[in-house]
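Work through these exercises with the structure open. Try each task before you read its solution.

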Amino acid sequence: MAVARNIGDAYASLKAGKWERSRLVGVEVKGKTLAIIGLGKVGLTVARIANGLGMNLIAYDPYANPSLAAAASVDLLPSLAELLGKADFLTLHTPLIASTKGMIGQAELASMKPTARILNVARGGMIDETALLSALEAGTIAGAGIDVFTTEPPVADSPAARLIAHPKVVATPHLGASTVEAQENVSIDVCTQVLSILSGSLPRSAVNAPIILPEEYRTLQPFVLLVEKMGSLYTQHLARSAAQTQSYRTTFDVTYEGSLATLNSTQPLFAALVKGLLTPITAAETLNINIVNAELVARERGMRINESRSRESGDKEGYSSFVTLRARRDPRSPSASRRSQDQYFSTSAVAGEKAGRPQRSGQDTEQDHVIAGFVSNNTAYISRLGRFSTSFVPQGVLLICRNYDSPGKIGVVGGRLGRAGVNIRFMSVAPLDSDEGEGEEDGVGLGLGKVDSVVEAGGQGKGREKEALMILGVDGVVEDSVRRDLIGEDGVLEASVVVL
Ligand SMILES: NC(=O)C1=CN([C@@H]2O[C@H](COP(=O)(O)OP(=O)(O)OC[C@H]3O[C@@H](n4cnc5c(N)ncnc54)[C@H](O)[C@@H]3O)[C@@H](O)[C@H]2O)C=CC1
Ligand SMILES: O=C(O)C(=O)COP(=O)(O)O
């Protein structure tokens, strides 16, 4: 605003005792084109404010999130060259890195309108100070607003110092973040993040992690919880044995479907999966898993995690985003060996690809264990557990029973828990998934270290009867003696207790 209305020059002139109204006529920003280089946190904030001022918004940022840009009414252009010729105001909001250093030099300035005004409040060095000075003097650029310089404070007589002295330049001594509120917010942000990382949550803005914008982070958050619970449920309920789990031979295919597939980064989900898989079998103090170290931890544990995305399935079970975790126990199985070692750690499979979609029915191998889930109203739900279709909130202590789908089972389980004084918070009966055949063992169950959930099989002789799962959310502890009592001809085939 100061550059558009010649505030710096006007201020100096008036203080010098002059009254120069006609020399200091400015321009409106309304209806003008604001070109933004770098549509990150600051760039997007600038765009939203400028939108309110009635400006047309264009941006160049090869890594920007197109949906966030569209939501802020910003037209993302494919090249810097296309952007420059259209700009009435050009504002830079990138970091100073190799690709941005000197990005606006003599040639770029020459390609701009002579009425254009340039702002750099990001980092000194992105605009060539000597070239800008010449363009202002030649009248091929109308004005500049500069908060940051190649050397701070600028050396006397340097191009930066001459820019500061130039009447067409509004200059400030790196004051972008210098407000009472910003300093307070920065302090709060730092403390909040230190606290959250120390308590085991994901870092939101680590410098050595991908950029995840706050909007994206909010979308991801409930899925982070879902995926962590899916991993934990897998380890506690579906992994076949502690020995196999601890050696982590298992290969995991995790598929994000629907709107989740459009996210820039799924690294928080990857980290949550690793954390969930390890939580039930790892000492708490070694569990500080986050987006920075998750891939390393997975590699060290020999876990093979293949992420893929699919934009399809928006209508799957009525939810717009869906996560499927498929565990393949033998990485050398035919389906696994098709992928190269490197691809196991791929975190960027092609959006819309069909390859990563969970394969159903006939294509499930015996060894594959499947857990699927979705988020509704910010709450995570499990929609498939092993061979069974279900819908429950994965939280707290759960007693999971596999039984023949015949009358009386609920009474047996309810009665035994009642006698043990265990309160049932909710119960969900899960039939076989419609794609599943009957009578196959699904390998449910397994006792795992920290979680007291040894499973025993009973009544195996009736293999042709249809089965179902009973999932009970309970308050407090289910003693192992109670769990064992449930297993038998009249009750259930398997029972396990998981803590989520
Ligand atoms: N003057 C001051 O006091 C302040 C300056 N800053 C500076 O503002 C800049 C932006 O900060 P944030 O928005 O928080 O950063 P950010 O990391 O959220 O956004 C930077 C954006 O630049 C984009 N980018 C990276 N390389 C690019 C390239 N070659 N061409 C086009 N776009 C590219 C990235 O994709 C990203 O969207 C930083 O340099 C920061 O240090 C930030 C706050 C205060
Ligand atoms: O946050 C930034 O990038 C800044 O440039 C702010 O700098 P400061 O913290 O005021 O020294």
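A residue counts as buried when its relative accessible area is under 20%, as exposed when the value is over 50%, and as partly exposed in between. The model is predicted.

**Exercise 1. Place Leu77 in the fold and decide whether Leu77 is buried or exposed.**

Solution.
Step 1: Find the element. Leu77 sits in the loop that joins β3 (74-76) to α4 (80-86).
Step 2: Take the relative accessible area. For Leu77 the value is 12%.
Step 3: Apply the cut-off. Leu77 is buried because 12% is under 20%.
Step 4: Check a partner from elsewhere in the sequence. Ala35 is 42 residues from Leu77 in sequence, and their C-alpha atoms are 9.7 Å apart.

**Exercise 2. Describe the surroundings of ligand 1 and list polar contacts.**

Solution.
Step 1: Collect the shell. It holds 25 residues, and those that come nearest are Lys41, Val42, Asp61, Thr94 and Val121.
Step 2: Sort the shell by class. There are 13 nonpolar, eight polar and four charged residues around ligand 1.
Step 3: Look at backbone partners. A backbone N or O atom of Thr94 is 2.8 Å from an oxygen atom of ligand 1. A polar backbone atom of Gly40 is 3.3 Å from a ligand 1 oxygen atom.
Step 4: Turn to a side chain. An N or O atom in the side chain of Arg123 lies 3.1 Å from an oxygen atom of ligand 1.
Step 5: Add the cover. Ligand 1 exposes 860 Å² when taken alone, and the protein buries 83% of this area.

**Exercise 3. Which residues surround ligand 2, and how much of its accessible area does the protein cover?**

Solution.
Step 1: Name the neighbours. Arg123, His174 and Ala177 surround ligand 2.
Step 2: Read the polar distances. The side chain of His174 places an N or O atom 2.6 Å from an oxygen atom of ligand 2. For Arg123, a polar side-chain atom is 2.8 Å from a ligand 2 oxygen atom.
Step 3: Work out the cover. On its own, ligand 2 has 320 Å² of accessible area, and the protein covers 44% of it.

**Exercise 4. Characterise the second largest pocket by volume and lining.**

Solution.
Step 1: Start with volume. The second largest pocket holds about 620 Å³ of space.
Step 2: Find the centre. Of its 23 lining residues, Met1, Val46, Thr91, Leu119 and Val121 are the closest to the centre.
Step 3: Map the elements. Two or more lining residues come from each of α2 (41-52), β4 (89-92) and β6 (143-146). The most come from α2, with five residues.
Step 4: Sort by class. The lining has 17 nonpolar, five polar and one charged residues.

Methods:
Residues are numbered from 1 along each chain as its sequence is written. Chains are lettered from A and ligands numbered from 1 in the order in which they are written. This is a predicted model: local features need pLDDT of at least 70, side-chain atom pairs count only at pLDDT 80 or more; totals for chains, interfaces and linings use all residues. Side-chain values use heavy atoms; hydrogens and water are left out. On a 1 Å grid over the protein atoms alone, a cavity is a set of points where a 1.4 Å probe fits but cannot get out, and a pocket is an open set with protein on both sides within 12 Å along at least five of seven lines; lining residues have an atom within 4 Å of a point. Grid points are joined across faces, edges and corners, and a volume is the space filled by probe spheres set on the points. Helices (H or I, at least four residues) and strands (E, at least two) are DSSP runs, numbered from the N terminus. Ala, Val, Leu, Ile, Met, Phe, Trp, Tyr, Cys and Pro count as nonpolar, Asp, Glu, Lys and Arg as charged, and the others, Gly among them, as polar. A residue is near a molecule or strand if one of its heavy atoms lies within 4 Å of it. A polar contact is a pair of N or O atoms within 3.5 Å; within protein, one must be able to donate a hydrogen and the other to accept it, and residues adjacent in sequence count only if both atoms are side-chain atoms. Accessible areas come from the Shrake-Rupley method with a 1.4 Å probe; for residues, only the protein chains shown count as cover. Buried means under 20% relative accessible area, exposed over 50%, partly exposed in between (1.4 Å probe, protein chains only).
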